[in-house]
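Biologist: I should be grateful for a close look at a single part of this chain. Please describe its surroundings in one connected account.

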Amino acid sequence: MKIEFTQAAIRDLQSLRQHIRGDDPMAARRVGERILQAVDIISKNLGIGRLIDRDDVREWSIPGLPYVIPYHASKDKLEILRVFHVRRRRPDHWL
C-alpha cells in the first residue's frame with residue numbers, strides 16, 4: 001500500500017517535533033516514532049477510527065498521545081491528511 005502525507009500533514013509533523021524538541025529532543029523523537037507507528041497501524045487496519053466526513057474521511061486518535069490522524073484510504077493508497085493536536089480548533093472539513 002502506498003502511503004502519502006499531504007503538505008499540511010508534513011507541516012504538522014515538523015511543527016510538533018520542533019515544539020517538543022525545544023523542551024526535550026528525545027521526547028520529540030519518541031513522539032515522531034509513535035506517530036509513524038500509528039500510521040503503520042492505520043495502513044494495516046483501514047477503517048480504524050470513526051467516519052467523520054461525507055468524503056470518506058476517517059479520524060483515529062493515537063493511543064497515549066494528544067493527536068488525531070484524519071485520513072482517507074482506498075484499496076491501494078492511504079492519504080494522511082493531518083496530524084492534529086486535540087486542543088486545536090478543528091477545521092470544518094479535512095479535505
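Modeller: Helices (H or I, at least four residues) and strands (E, at least two) are DSSP runs, numbered from the N terminus. The model is predicted, so local features need pLDDT of at least 70 and side-chain atom pairs count only at pLDDT 80 or more, whereas totals for chains, interfaces and linings use all residues. Residues are numbered from 1 along each chain as its sequence is written, and side-chain values use heavy atoms, with hydrogens and water left out.

I have chosen Ser 43, which lies in helix α2 (residues 25-44). Ser 43 counts as buried because its relative accessibility is 17%, buried being under 20% relative accessible area, exposed over 50% and partly exposed in between (1.4 Å probe, protein chains only). The side chain of Ser 43 reaches the backbone oxygen of Asp 40 at 2.7 Å. Beyond four places in sequence, Ser 43 is in contact (heavy atoms within 4.5 Å) with Met 1, Ile 3 and Leu 78. Although Ser 43 and Leu 78 stand 35 residues apart along the chain, 6.6 Å separates their C-alpha atoms.

Another of these partners, Ile 3, belongs to strand β1 (residues 2-5). Ile 3 counts as partly exposed because its relative accessibility is 35%. As for confidence, pLDDT is the predictor's own score for each residue, from 0 to 100. Among the elements of the chain, β1 has the highest mean pLDDT, 97, and β6 the lowest, 91. The chain averages 91, and 96% of the residues score at least 70.

Definitions and conventions
Polar contact = N/O pair within 3.5 Å; in protein donor to acceptor, adjacent residues only side chain to side chain.
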